[in-house]
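Below are some comments on the model you sent, set out as numbered points. They deal with how the parts of the chain meet and then with the cysteines.

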Amino acid sequence: MIPRILIVEDEEPLTLLLRYNLEAEGYAVDVCMNGDEAELKLREALPDLLVLDWMLPGLSGIELCRRLRARPESRDLPVIMLTARGEESERIRGLSTGADDYVVKPFSVPELIARVRALLRRARPEVISSLLRAGELELDRETHRVHRSGRELHLGPTEFRLLEFLMQSPGRVFSREQLLDAVWGRDVYVDERTVDVHVGRLRKAINRGRQRDPIRTVRGAGYSFDERFAVAR
Ligand code: CA
């Protein structure tokens with residue numbers, strides 16, 4: 001299960017930064033830039049966690065949080081409130097808005113990600129599962145074991161990270177450059193063709209005989225984990 005996070009924040013550069021980094025951590029991220037729109041969205045479907053800025057156009061973050069707490073279905077929704085440095089943040093703490101955690105701007109992205117993870121572990125342990133599953137394929141992030149139809153597969157460390165990264169976002173196409181950033185890291189200088197070599201090794205490790213290949217090559221774009229793999233037989 002991929003944990004879903006809704007970010008309600010009107011500073012676009014910040015929402016882009018948070019979305020990019022939270023998605024790289026394996027979360028499904030949705031963004032809303034207005035308090036009233038966020039309230040409507042939250043009435044339709046609840047995410048697993050809400051990152052809520054307190055200064056918003058439309059309904060303020062404080063008021064939105066109060067309203068969420070007043071409704072039984074969203075009473076326990078995990079909420080991290082973003083506040084501004086200075087007296088406003090002191091005031092907001094005193095207002096007891098019902099948020100589970102507060103992060104004061106400017107904050108570091110790793111700090112926010114750590115808070116998100118800690119809150120999800122506490123409030124939604126079932127969504128922080130170590131197991132990624134698609135069809136007959138199972139990847140365990142804690143034991144680093146991969147199984148297909150119960151049979152254990154033997155992957156090198158790079159192939160493991162590649163599969164883990166692709167399985168986190170089924171259907172999404174990643175360019176070779178994005179895969180290099182996510183799997184090899186930004187500071188490593190390797191040729192984009194290295195990605196092709198490792199995708200080849202990954203395929204060899206996970207597909208036997210005429211088994212369906214879950215990795216899609218998208219010409220001119222990159223690779224993705226076939227979202228139909230999970231449902232088709
Ligand atoms: Ca704001």
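1. The side chains of arginine 172 and glutamate 23 meet in a salt bridge, with 2.8 Å from N to O. Please keep in mind that the model is a predicted one, and that this distance, like the other values in this note, is computed from it. Across the interface of domain 1 and domain 2, the rule finds one salt bridge, and it also finds one residue pair in polar contact, with both residues at pLDDT 80 or more.

2. As for the residues that make up this meeting point, the side of domain 1 that touches domain 2 has, by class, two nonpolar residues, one polar residue and two charged residues.

3. The protein chain is divided into domain 1, spanning 4-127, and domain 2, spanning 131-230. The C-alpha centres of these two domains lie 31 Å apart, and the contact between them takes five residues from domain 1 and five residues from domain 2.

4. How much area is buried between domain 1 and domain 2? The figure is about 350 Å², and carbon and sulfur atoms give 28% of that area. Within domain 1, the residues that lose the most area to domain 2 are Tyr20, Glu23 and Gly26, which together account for 71% of what that side buries. Glu23, then, appears here as well, having already been named as a partner of arginine 172 in the salt bridge.

5. Turning to the cysteines, the structure holds zero disulfides. Why is cysteine 32 without a bond to another cysteine? Its sulfur is 15 Å from the closest cysteine sulfur, that of cysteine 65, and this is too far for a bond, because a disulfide requires the two sulfur atoms to be within 2.5 Å. Cysteine 65 is likewise in no disulfide.

6. Are these two cysteines buried or exposed? Cysteine 32 is buried, with a relative accessible area of 4%, and cysteine 65, at 0% relative accessibility, also counts as buried.

Key. Residues numbered from 1 in each chain as written. Predicted model: local features only at pLDDT ≥ 70, side-chain atom pairs only at ≥ 80, totals over all residues. Heavy atoms only, no water. Buried < 20%, exposed > 50% of the residue type's maximum accessible area, 1.4 Å probe, protein only. Domains from an automatic or database assignment. Contact = heavy atoms within 4.5 Å. Buried area = accessible area lost by both parts, 1.4 Å probe. Salt bridge = Lys/Arg side-chain N within 4 Å of Asp/Glu carboxyl O. Polar contact = N/O pair within 3.5 Å; in protein donor to acceptor, adjacent residues only side chain to side chain. Nonpolar A, V, L, I, M, F, W, Y, C, P; charged D, E, K, R; others polar.
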